[in-house]
Amino acid sequence: MTNLQESMRRELLRTNRSGAYSCSTVVDCNTRKYHGLLVAPIKEIDGENHVLLSSLDATVVQHGAEFNLGVHKYRSGDFSPNGHKYIREFSLEKIPTTIYRVGGVILKKEVIFQAYSTRVLIRYTLEDCHSSTILRFKPFLAFRSVKSCMHENNQIIRDYQTVNGGIKTHLYEDYPDLYMQISKKNEFVFQPDWYRGLLYDKELERGYEGVEDLYVPGYFEVNAKKGDQIVFSAGLEEVKPSTLKKLFDEEVGLRTPRDNFYHALVNSAHQFHVRVSDSERYLLAGYPWFKVRARDTFIALPGLTLAIQENDYFKLVMDTAQKAIYEFISGKPISGLIHEIEQPDVLLWAVWAVQQYAHEVGNDIAFREYGKLLFDILTFIESGKHPNLVLKENGLLHTEGRDVPMTWMNSTANGRPVVPRTGYVVEINALWYNALKFCAEMAIADENHEAAAELDARADIAKESFQKLFVNPNGYLFDYVEEGITDWSVRPNMIFPVAFDYSPLEPEQKKSVLDFCTRELLTPKGLRTLSPKSGGYNPMYVGAQTQRDYAYHSGTAWPWLGGFYMEACLKVYKRTRISFVQRQMIGYEDEMLYHAVGSISELFDGNPPFHGRGACSFAMNVAAILRTWRLIDQYNA
């Protein structure tokens, strides 16, 4: 904790169920413009996340001497204050807890984000002191989008209003009031000032603006004695200060302890939940900058719900998504929060998600709840109404991806796809074959044997064409095939037809593909997006935006791809590979001590030492690890 080079690489993430969050480094020194103690979507402006309260500096005052526990880095490269030097202990088993020691003063700080309200709560406990002590709390306000930086200006509203236990204020007209309140009697001293030139290293590394000014309206001052517990609240609604201590304890009781690897994963899984209403639920794709994306939702959904025996939440999310699917199929605007549902593989991933649900509850229940959806998806695709899919006479699906990316490998540079996957794409057609066979299985559950036979016949045509088109003489699969274009690059998308329940490949072909992935793509952090032997291998996700765009799918490693690899391993080699898969999964435990502590990064460098990069917490990766543990348990049963 006292080594800033180490501690500032590690981030803490706390969330609620509306997409709001609190995120910073473990020493509370912000390194991204996305960092803040209270970051929330503001519907009145654009529905995007905005940083309201950037940070809160606590100062211990004794005998007139001030000891500031905050940490900020400035444009000069200097840190001021240097509150990290007072840190004696840090733990994250239940909630983030930091112990500071200043002379004879021992102060404990605990932070929690309220689950169903946009409010961050910080509890300070004065565990020891030998003389009169004053605690001073100084809020740093931003009131700006997570995509921009704040700069000193004369347009801010400096006015504030006193509320019970604190103040409320907003810096611009379009923003809601921010309520800052304290459980103990306090005095707010209005002393407006700008803190100029705060530096965010991560933004500069990414080639973005990374210097900003923050506004401090003044400070709160509290007289404290040994044993006092003081709760600071910052939220979008007023709260009774007398209830803050009880509220904090109640929120702690709701948390899954991070006392082992599995519990940390479950805790992380819950952080992606978004509740709009009792019946409308979503999964965020990741933090701190992702939205609700359709593909990510369906891929992550089984792992984040079914794998941890939370079938009810699967249904809530799937039922919400089902509404969006029907809006898309009928040509209506999407009314919910889901984005990118028009991508060609999305509906097929929805079928795959229902297939995983059927494994848990049985075909009869799955058909009763989602059978109509499954067959409506097939009918929609086969009718030629999907804007980005065409069913060809050979029984395979074709998409046009030369000019606009149409798969999960969607990075662009200069307005063009970096990986222009077009024509017959391997995972789309593996998903299609799997969907046809699964729907035939569902038809049998409905005792419609005629429909099942028809679907099986269509699947046979697709299987024959798939093998002719994608299986190459070297023993692996082409990534995509288009007239005049055959991509010989070794990419991880060929793992999907090996991992799915229904594969268009023969057993020997599946083994050959799996072994190819093992030799050329497997890393301790998942599968590489491109083999080191293929042209254009670029494994390091660093540098400016354009440089990272070219590396994004050209050698970086992704744990969610590794999850499908592990599933394929177990399908091909059965119980003989259980110990190997377990070792691979355990390798992620150490990773949870870096980047976002207790979660899994978006992607990793494809070469050692495989540093975590991108978003600090990524839903599909957490889901893949949870789902793999579930598969191991099933094979061991």
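Let me begin with a definition: helix angles under 35 degrees count as roughly parallel, those over 145 as roughly antiparallel, those from 65 to 115 as roughly perpendicular, and the rest as oblique. Please keep in mind throughout that what we are looking at is a predicted model.

With that in hand, consider helix α4, residues 261-270, which packs on α16 at an angle of about 135°, the two axes being 10 Å apart. Because that angle falls in none of the named ranges, α4 and α16 are oblique to each other, and the crossing in which α4 passes α16 is left-handed. On the α4 side the contact is formed by Phe 261, Tyr 262, Leu 265, Val 266, Ser 268 and Ala 269, and these meet Val 622, Ile 625, Leu 626 and Trp 629 of α16. Sorted by class, this contact consists of 9 nonpolar residues and 1 polar residue, with no charged residues.

Helix α16, residues 619-636, also has α15, residues 578-591, as a partner, and here the axes come within 11 Å and cross at roughly 150°. That angle makes α15 roughly antiparallel to α16, and α15, too, passes α16 in a left-handed crossing. From α15 the residues involved are Ile 578, Val 581, Gln 582, Met 585, Ile 586 and Tyr 588, while α16 brings Ile 625, Thr 628, Trp 629, Ile 632, Tyr 635 and Asn 636. The classes in this contact are 9 nonpolar and 3 polar, again with no charged residues. If you follow Ile 625 and Trp 629 of α16, you will find them in the contact with α4 and also in the contact with α15.

Let me turn now to the empty space. The structure holds 6 cavities of 30 Å³ or more, and the largest cavity contains about 180 Å³. Its lining comprises 19 residues, and nearest its centre lie Asp 28, Leu 37, Ser 55, Leu 56 and Lys 109. Two or more lining residues come from each of β3 (36-41), β4 (49-62), β10 (105-113) and β11 (119-128), with β4 giving the most, namely 5 residues. By class, the lining of this cavity has 9 nonpolar, 6 polar and 4 charged residues.

Finally, the second largest pocket has a volume of about 480 Å³. It is lined by 19 residues, of which Lys 202, Glu 205, His 611, Gly 612 and Arg 613 are the closest to its centre. Both α2 (201-205) and β34 (612-613) supply at least two residues of this lining, which divides into 6 nonpolar, 5 polar and 8 charged residues.

Definitions and conventions
Residues numbered from 1 in each chain as written. Predicted model: local features only at pLDDT ≥ 70, side-chain atom pairs only at ≥ 80, totals over all residues. Heavy atoms only, no water. 1 Å grid on protein atoms, 1.4 Å probe; cavity = no way out; pocket = protein on both sides within 12 Å on 5 of 7 lines; lining within 4 Å. Points joined across faces, edges and corners; volume = space filled by probe spheres on them. Helix = DSSP H or I, 4+ residues; strand = E, 2+ residues; numbered from the N terminus. Nonpolar A, V, L, I, M, F, W, Y, C, P; charged D, E, K, R; others polar. Axes fitted to C-alpha atoms, helices over the stretch in contact; angles between N-to-C directions. Left-handed = near helix turned anticlockwise from the far one by under 90°. Contact = heavy atoms within 4.5 Å.
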